[in-house]
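Subject: Structure for your review

Dear colleague,

Please find below the structure I mentioned, with its sequence. My notes on what was found in it follow directly after.

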Amino acid sequence: MYEENPPLDEVYDFYTMSEDDFYDEDNLTHYGMPRRSGRYPWGSGDNPYQHSADFMARVQSLKKSNATAVDESTGEILTGERAIAKIMGLSNTKELRVQYALAKDEKRTYDVQTAKSMRADGKSLNEIAKAMGFKNDSSVRSLLNDQSASKMNKSKKTADTLKQCLKEKLKDDPKAVLDVGVGVERELGVSKEKLNEALYIMQQEGYQVWKGSVPQATNPGKKTNLRIVGPEGTPKSAPFDYEHIHSVSEYTSRDNGETFSKTKFPVSMDPKRLAIRYAEDGGTNKDGVIELRRGVKDLDLGESHYAQVRILVDGDRYLKGMAVYSDNLPKGVDVLFNTNKSQDKSMRDVLKEVKHDKDGNIDQDNPFGALIKAKGQSEYIGSDGKTHQSLINKTREEGDWADWTDKLSSQFLGKQNIGLIKQQTKMAIADKQSEFDDIMALTNPTVKKNLLESFANDCDSVAVHLDAAALPRQKYHVILPLTSISDKEVYAPGYKNGETVALVRFPHGGTFEIPILKVNNKIKEGQDVIGTAAKDAIGISSRTAGILSGADFDGDTVMVIPCNSENSKIKISHKPPLKDLEGFEPKDTYGSDKVTTDSKGNKHYYRNGAEYKIMKNTQTEMGIISNLITDMTLKGATEDELARAVKHSMVVIDAEKHKLDYKSSYADNAIASLKKKYQGVTEPDGTYHEGAGTLLSRAKSKQMVLKRVGTPKIDPETGELKYKEVTETFVDKKTGKTRIREQESTRMAEAKDAHILSSGNPKEEVYADYANTMKAMGNQARKEILSAGKIEYSSSARQVYQKEVSDLLAKLNIAMLNAPKERKAQLIAASEVKAKQLANPDMTKKELKKAKQVALSNARYKVGASGKESRINITDKEWDAIQAGAISETKLKQILTKADPDRVRELATPRTNRELSSGKKALIKSMAGSNYSLDEIAARLDISTSTVSKYL
């Protein structure tokens with residue numbers, strides 16, 4: 001007879017006792033298998049799982065009796081898990097946990113088999129319960145559940161998956177081993193415990209697990225820890241034989257280890273299922289939109305109404321755009337792609353070509369040249385009852401745009417009226433002052449220093465980037481086209497029906513590219529396509545998209561700002577579109593009229609009989625023209641001048657993608673003369689140069705400084721950071737000349753007074769005052785750090801709060817695991833990018849940048865590098881331990897770095913102080929002046945609306 005299985009919390013409630021043992025990565029090759037000892041092999045006899053039952057009963061008995069043991073090597077009295085492990089003859093507590101979990105699974109498996117066998121023999125539930133020693137038939141019902149056996153075998157299934165993956169790798173690489181280090185459990189979709197159990201099972205079958213390390217390519221002198229599993233006979237040197245270490249990234253579980261599926265190369269769609277809506281048929285009105293037939297399993301978007309996707313077609317082409325459902329597709333068509341291309345283009349010409357490697361083969365790692373989001377692929381059950389891979393590959397989906405930053409950039413606000421600039425910078429200062437006051441009111445000096453340092457760094461960043469406070473309810477949204485909507489309307493479910501909003505796209509040339517629209521959420525097309533509760537999408541007309549710097553609908557976004565209504569205090573400046581921009585299409589004006597391919601496969605582009613070079617540095621060129629437009633706007637350029645600059649910016653932004661002749665655009669629009677007029681500077685010594693001409697464009701512009709080493713020190717008088725600079729020379733490989741090593745900074749970061757970067761424009765002066773205020777606040781915070789003191793460590797308090805200290809350290813261990821994961825991700829990414837560069841030495845800067853982004857993102861997902869998921873949440877009792885000095889300052893600093901900052905503030909803020917600080921009072925007035933409602937202000941400051949009214 002068997003005792004009923006104890007609840008899961010009873011089984012594992014002693015596992016948090018020794019966090020060091022629980023979270024270390026001890027080499028599993030030391031694990032024994034005592035439950036297999038004895039006369040009979042494991043799995044034989046009347047009850048093949050008797051050893052498991054006995055093992056569990058023995059552990060629970062020792063736990064209840066609070067058994068102790070002696071460590072012979074040190075004489076230490078062991079308690080808890082450590083004592084149990086010692087008594088049971090196990091190496092450490094980690095081995096204890098692994099064996100207990102496996103024993104539990106094995107016993108459960110036997111119980112399931114027994115119950116099912118007895119049920120098949122005609123026994124009633126009560127008879128089975130009585131025979132198996134259960135109190136009632138509910139336990140039997142649980143055992144007879146179809147999913148019970150599956151859930152109990154997750155460890156074995158994980159082990160089987162690892163073995164299958166290794167078997168596949170060994171076919172091509174006889175020395176192959178698998179990376180099973182930190183984060184692989186996330187990649188596989190199982191718990192860390194299940195992965196360790198799986199490795200334990202594999203070792204008993206002869207597989208071997210070894211540890212090692214690898215130097216970090218991007219962090220000289222540092223190493224990344226490794227853990228690998230290989231077949232029997234794998235040498236100890238395997239972790240250092242890097243080229244033979246493979247990942248398990250192609251396998252993943254979506255049900256926590258019950259089943260595993262193999263990630264495959266994207267499935268290709270038959271082109272017969274696709275139709276193209278060309279420009280002549282109205283495709284321009286929805287350019288970039290992919291319409292999907294609703295209810296088709298392999299084209300299902302899951303829980304999203306819309307998503308930015310890639311769909312492989314005909315094996316070597318793909319669709320790129322925003323996917324939405326449609327109920328109005330031609331018969332026999334499951335996908336309709338909208339394009340602004342004309343009918344003289346074939347379907348294959350409209351679709352994008354997949355990426356290839358240097359040998360001309362399709363890039364198996366990144367065929368779309370874009371990052372497919374984690375779990376951006378899905379599966380479905382086909383009519384044959386089997387699992388199939390979906391055609392959909394998501395790069396973003398509904399909700400992914402909602403969390404974008406909502407601050408007001410100087411690129412937008414600098415073009416608005418000076419009153420709005422003053423209002424929002426003043427509000428940002430009040431917000432920062434309120435934050436500073438809150439920090440200074442904290443009672444824990446270590447917490448105070450930690451938050452002051454973060455506050456100071458943020459102030460420095462704001463001074464450089466010049467972001468101001470957000471306006472009420474402003475958010476980023478992806479745009480989708482609606483054919484039944486007016487050019488003066490917007491379908492925006494997140495906003496009030498009838499209110500007016502401004503749409504701002506970045507970058508934009510001026511206020512003539514900011515449409516003001518009326519919200520109409522009654523449009524049926526919008527309800528059908530976008531939904532009535534869309535998190536981050538709006539619907540507009542194609543003409544409105546044209547006003548937005550020529551936006552299309554393949555994933556372009558806009559910032560939505562409620563404004564300009566009768567009762568609104570927010571007035572956004574805007575002008576009608578410039579006449580010179582009407583009808584201007586960069587691809588038509590500066591696109592190639594002839595393309596040739598040479599003997600090496602290189603393409604050559606011609607326009608008007610002359611060959612031109614293709615742009616390879618879009619980001620740099622876009623920064624140059626955006627700065628020029630900013631400077632021109634501040635200095636009062638004419639509409640004709642602005643139109644020329646904006647035309648060129650429209651060419652630049654698409655030049656690399658659409659192979660445009662951007663240099664002809666530069667000449668045709670006389671950009672050189674505009675730069676001379678608005679960015680030319682003659683120094684006192686008579687030297688002339690061109691470049692950023694106003695504070696807004698100069699703030700982030702590059703300034704080289706001598707190489708800095710070590711951690712900067714705080715000047716106790718000024719609060720400024722003092723860097724140790726060294727004069728170090730090197731030989732430039734390109735020129736052969738000896739140069740002094742420098743590093744990059746920004747002009748604003750190095751400026752003592754922001755006004756020296758201003759050309760004297762009133763708007764610049766407002767921003768200069770703003771930057772100086774932020775710099776001063778940062779310096780003041782750093783001075784406070786020096787005098788904050790610390791809580792003395794108390795050994796007696798540690799004894800009183802032993803459990804809380806243990807829990808905090810356990811949480812810290814979990815959080816700290818993300819650091820090596822990030823390093824490992826960086827290492828994997830660097831290795832992959834280096835291999836790609838060797839295979840393709842002619843990669844452009846854009847291709848290299850994209851390769852790095854994709855490699856790093858994939859690597860982070862592969863190793864589970866995620867700061868959010870590992871963030872520490874401190875309980876009230878744990879905070880009491882911190883306040884009592886039970887945690888050393890060094891450990892506390894580490895905990896605070898990984899903790900939820902909002903929770904830390906809540907715990908550290910005195911609850912007796914009911915009077916609002918001067919900073920909060922100023923913030924209330926600033927928010928009210930920016931049209932925030934009483935409810936919004938109250939929510940922001942976590943106070944009642946009556947309190948807000950009191951201070952207003």
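Tyr476 has a relative accessibility of 15%; because the cut-off for a buried residue is under 20%, Tyr476 counts as buried. Please bear in mind that this is a predicted model. Tyr476 belongs to strand S19, which covers residues 475-481. Its C-alpha atom is separated by 9.8 Å from that of Ile538, although the two residues are 62 apart along the chain.

Strand S19 is also part of an open sheet of six strands, arranged in the order S20-S22-S21-S24-S19-S23 with mixed pairing. At its edges are strand S20 (489-490) and strand S23 (537-540), each of which pairs on one side only. Within this sheet, strand S21 (residues 500-504) and strand S24 (residues 557-562) run antiparallel and are joined by four bridges. Val504 is placed opposite Met559 of S24.

A second open sheet consists of three strands in the order S25-S26-S27, with antiparallel pairing. Strand S25 (594-597) and strand S27 (610-612) form the edges; each has a single partner strand, so one side of each lacks a neighbour in the sheet. From one strand to the next, the twist averages 40 degrees. Strand S26 (residues 603-607) is connected to S27 by three bridges, and the two run antiparallel. Arg607 has Ala610 in S27 as its bridge partner.

Strand S12 deserves separate attention. Which of its residues are buried? Eight of the eight residues of S12 (residues 306-313) are buried, so the strand is largely enclosed by the rest of the structure. Tyr306, Gln308, Arg310 and Leu312 point one way from S12, while Ala307, Val309, Ile311 and Val313 point the other way, and all are buried.

The pairings of S12 are as follows:

- With strand S9 (residues 268-269), S12 pairs in the parallel sense over two bridges. Here Met269 has Val313 in S12 as its bridge partner.
- With strand S13 (residues 317-326), S12 pairs in the antiparallel sense over eight bridges. Gln308 has Met322 in S13 as its bridge partner. The hairpin of S12 and S13 has three residues between the strands, and Asp314 in this hairpin takes a positive phi near 60 degrees.
- With strand S18 (residues 393-397), S12 pairs in the antiparallel sense over four bridges. Gln308 stands opposite Arg396 in S18.

Gln308 is thus a residue to inspect on the display: its partners include Met322 in S13 and Arg396 in S18.

Turning to the nonpolar cores, the largest contains 82 residues, of which Phe412, Leu466, Ile572, Leu695, Met748 and Ile874 touch the most other members. Leaving aside residues up to four places away in sequence, Leu466 touches Leu408, Ser410, Leu695, Leu696, Ala699, Met748, Tyr767, Tyr770 and Ala771. Another core, of 31 residues, lies apart from the largest one and has Ala492, Tyr495, Ala545 and Phe553 among its members.

Finally, helix H4 spans residues 80-87, and its buried residues include Gly80, Glu81, Ala83, Ile84 and Ala85. Gly89, just after H4, takes a positive phi of about 75 degrees.

With kind regards

Definitions and conventions
Residues are numbered from 1 along each chain as its sequence is written. This is a predicted model: local features need pLDDT of at least 70, side-chain atom pairs count only at pLDDT 80 or more; totals for chains, interfaces and linings use all residues. Side-chain values use heavy atoms; hydrogens and water are left out. A nonpolar core is a set of buried Ala, Val, Leu, Ile, Met, Phe, Trp, Tyr and Cys residues joined through side-chain atoms within 4.5 Å. Buried means under 20% relative accessible area, exposed over 50%, partly exposed in between (1.4 Å probe, protein chains only). Contact means heavy atoms within 4.5 Å. Two strands pair if DSSP finds at least two bridges between them. Axes are lines fitted to C-alpha atoms, for helices over the stretch in contact, and angles run from 0 to 180 degrees between N-to-C directions.
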